[in-house]
Amino acid sequence: MGMPSSGELAGLGKPLLMRLYRTMLTIRRFEEAIADLYKRGLVPSSAHVYIGQEAVAAGVCAALRPDDYVLSTHRGHAHSIAKGVPLEKLAAEILGRATGLNRGRGGSMRPCCPEKGVLYSCPIVGSNIPIAAGVGLAIRLRGADQVVACFFGDGASNIGDFHEGLNLAAIWKAPVIYVCENNQYAISVHVSRSTSVRDIAARAASYGIPGLIVDGNDVVEVYKAAKWAVERAREGLGPSLIEAKTYRWLGHHVGDPGTAYRSREEVEAWKARCPIRRLRERLLAHGIASEEELARVEEEVVAEVNKAVEF
């Protein structure tokens, strides 16, 4: 299989591009609502939001089938949304309601929805990585052609579970797409101070699997890399590691101002690369969508999020 091409729009088609745009916008507006609810004291746990990273969840999950699986992290609302989990049930779960996905017991960091393929969201850094190898092995033993996408941050690449998990998945040729969302900071420690290599994807070579580096703020580039890795896994060629270089706009959690370890200039430079605005500008420039169409999507998304919060 050839490696994926760059993030050009050619060949993707309007329905997919509009789906990517809507998913990213839904994640952004939902996370803004959760941050507001947290500040009002209505979220009975910590809340780690995904604002700024929307292209990764949207791009990867768009490459999956409904029967494929996802293993998420403490910053996992977005993966659930991108996999089709109902917003009302997800919001209720985050707010600790009995009407939530897991009767309010999973909260913000542990929501699961097996019927949509979201097997586990885990706040313990990196622990989902070897679990993904096990899920991949189970798929192989059943003779199925599903895949599992496993999301984790840059900090998780420095713990034992990362290396053990990738090694096992490689040995078993498990159909796993490992997605490192390198948002530059493990809580407050910059990746340059915690990681021995410049590119986390380089570590894939240690296990004999492909390592791809993508612009994590370009949803088209993320989608193409994920599609390539998914097709490779379905063909029985084993796991891949995708490193999506991105950035979280807010602190580690909603209560963290993020100002003690990051400069305002750094944050603003990354905000200028907003994944939603970048796709919007391309849709307009290529004549794929009009201002009116995109405004309509915004209205619909805001209404859906408001309805979910009310629920």
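Contact means heavy atoms within 4.5 Å. The exercises below concern a predicted model.

**Exercise 1.** Determine which residues of helix 1 and helix 10 meet, and how the two helices are arranged.

*Solution.* Step 1: from helix 1, the residues Leu17, Met18, Leu20, Tyr21, Met24, Leu25 and Arg28 meet Pro275, Ile276, Leu279, Arg280 and Leu283 of helix 10.
Step 2: the two axes come within 10 Å and cross at roughly 150 degrees.
Step 3: angles over 145 degrees count as roughly antiparallel, and helix 1 and helix 10 are therefore roughly antiparallel to each other.
Step 4: the crossing of helix 1 past helix 10 is left-handed.

**Exercise 2.** Locate Leu279 within the nonpolar packing of the model.

*Solution.* Step 1: the largest nonpolar core has 78 residues, and Leu279 is listed with Leu17, Phe30 and Leu283 as having the most contacts inside it.
Step 2: helix 1 (residues 14-39) supplies the largest share of this core, 13 residues.
Step 3: neighbours within four places in sequence left aside, Leu279 is in contact with Leu17, Leu20, Tyr21, Met24, Val219 and Val220.
Step 4: another core, of 25 residues, lies apart from the largest one; Leu71, Ala132, Tyr178 and Leu241 are among its members.

**Exercise 3.** Establish how many disulfides the structure holds, and explain why Cys150 forms no such bond.

*Solution.* Step 1: the structure holds zero disulfides.
Step 2: a disulfide requires cysteine sulfur atoms within 2.5 Å. The closest cysteine sulfur to that of Cys150 belongs to Cys122 and is 10 Å away, too far for a bond.
Step 3: Cys180 is likewise in no disulfide, the nearest cysteine sulfur being that of Cys150, 10 Å away.
Step 4: Cys150 is buried, with a relative accessible area of 0%, and Cys180 is buried, also with a relative accessible area of 0%.

Terms used: Residues are numbered from 1 along each chain as its sequence is written. This is a predicted model: local features need pLDDT of at least 70, side-chain atom pairs count only at pLDDT 80 or more; totals for chains, interfaces and linings use all residues. Side-chain values use heavy atoms; hydrogens and water are left out. Buried means under 20% relative accessible area, exposed over 50%, partly exposed in between (1.4 Å probe, protein chains only). A nonpolar core is a set of buried Ala, Val, Leu, Ile, Met, Phe, Trp, Tyr and Cys residues joined through side-chain atoms within 4.5 Å. Helices (H or I, at least four residues) and strands (E, at least two) are DSSP runs, numbered from the N terminus. Axes are lines fitted to C-alpha atoms, for helices over the stretch in contact, and angles run from 0 to 180 degrees between N-to-C directions. Angles under 35 degrees count as roughly parallel, over 145 as roughly antiparallel, 65 to 115 as roughly perpendicular and the rest as oblique. A crossing is left-handed if the near helix is turned anticlockwise from the far one by less than a right angle, and right-handed if clockwise.
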